[in-house]
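Me: I'd love a close look at one part of this model, its largest cavity. Which residues line the largest cavity, and what do the elements around them look like?

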Amino acid sequence: MWYRKQEIIKMDKQIERAGDDNKNNIGVLYGIGVGPGDPELMTLKAINTIKACDIIAIPAVSKEECYAYSIVQAVLPEIEKKQIMCTPFPMIKDKEKLTISHNKIYSDIVSELEDGKSVAMLTIGDPSVYSTYMYIHKRVMQAGFTAVMISGVPSFCAAAARLGISLGEMMDEIHIIPASYDVRDTVGYGGTCVYMKSGKKLAELIEVLRTGDAIRKKKMTVYGVTNCGMESERVYRGLDELTEAKGYLTIVIVKYS
């Protein structure tokens with residue numbers, strides 16, 4: 001218990017120092033990973049940082065539609081009293097439209113930082129893994145502001161734990177792949193392939209795995225988890241079960257041996 005209290009005090013001081021380091025009372029942006037879905041997987045540092053921030057930025061059009069917000073709310077009900085900034089990132093590949101959207105979000109956040117407000121931007125999983133937060137993080141840093149990343153449990157690690165399997169042992173390679181893009185060349189990889197957010201292209205991924213040349217040369221074991229850690233979580237073992245999977249937050253893990 002003493003150790004836990006000391007760690008909380010230490011983290012609170014780190015948060016305070018980040019704000020003190022800024023000149024002219026400029027606010028700090030925090031990119032906070034809230035984990036894959038189970039509120040109990042949120043870190044103490046994430047919770048304490050959210051408590052200390054003035055504004056909570058969420059990647060959705062409303063609190064009701066935000067996975068990350070609902071995760072935090074379950075463990076930190078007082079988040080409802082915080083000022084909420086909705087920053088929906090469109091899931092599109094049109095560069096021009098993405099630029100317009102990112103510019104708007106960046107401008108809104110910088111306006112609050114210039115007013116001396118600290119902003120906590122929530123993201124599922126970890127902010128360093130295929131997170132839209134990074135677009136804003138890099139721009140804020142380039143503009144001379146302070147941006148701090150708070151790590152969260154990555155969804156693929158939580159999925160492996162839920163399945164009771166390892167992602168890598170000894171000399172195994174681990175490949176993290178965005179399944180929303182072309183996956184045809186990945187079936188030749190060795191070790192473990194993790195396909196992130198594969199929901200929309202799941203049928204295509206299954207077909208690629210069924211017909212890939214590498215399948216005839218190596219033993220392949222396939223797993224899937226949808227909405228890992230949430231009430232709607234589903235687990236799949238094998239390609240046949242995987243065909244039943246639905247949902248954007250579907251992770252597919254393929255192990256070759």
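Reply: Happy to! The largest cavity is lined by Pro59, Phe89, Met121, Leu122, Thr123, Thr132 and Tyr133 (lining residues have an atom within 4 Å of a cavity point). This is a predicted model, in which local features need pLDDT of at least 70 and side-chain atom pairs count only at pLDDT 80 or more, while totals for chains, interfaces and linings use all residues. Residues are numbered from 1 along each chain as its sequence is written, and side-chain values use heavy atoms, without hydrogens or water.

The volume of the largest cavity is about 30 Å³, and the whole structure holds one cavity of 30 Å³ or more (a set of points on a 1 Å grid where a 1.4 Å probe fits but cannot get out). Strand β4, residues 119–123, gives the largest share of the lining, with three residues (strands are DSSP runs of E, at least two residues; helices are runs of H or I, at least four). By class, five lining residues are nonpolar, two are polar and none is charged (Tyr, Met and Pro are among the nonpolar types; Asp, Glu, Lys and Arg are the charged ones).

One of the lining residues, Tyr133, leads on to helix α5. Spanning residues 133–142, α5 has Tyr133, Ile136, His137 and Val140 buried (under 20% relative accessible area, 1.4 Å probe). Viewed down the α5 axis, these residues keep within an arc of 105 degrees, so they line one face of the helix (the arc is taken from the axis-to-C-beta directions). Against that buried set pack β4, β1 (28–33), α4 (95–114) and β5 (146–150) (contact means heavy atoms within 4.5 Å). Strand β4 therefore appears both in the cavity lining and in the packing of α5. After α5 comes glycine 144, with a positive phi near 95 degrees.

For another helix to set beside α5, try α7, residues 202–211, where Leu202, Leu205, Ile206, Val208 and Leu209 are buried. Their directions fall within an arc of 160 degrees seen down the axis of α7, so here too they line one face of the helix. Their cover includes β7 (192–196), β8 (220–226), α8 (239–242) and β10 (250–256).

Stepping back to the chain, there are eight helices and 10 strands. Of its 257 residues, 46% are buried. Among contacts between residues at least 6 apart in sequence, 69% join residues at least 24 apart.

Key:
1 Å grid on protein atoms, 1.4 Å probe; cavity = no way out; pocket = protein on both sides within 12 Å on 5 of 7 lines; lining within 4 Å. Points joined across faces, edges and corners; volume = space filled by probe spheres on them. Buried < 20%, exposed > 50% of the residue type's maximum accessible area, 1.4 Å probe, protein only.
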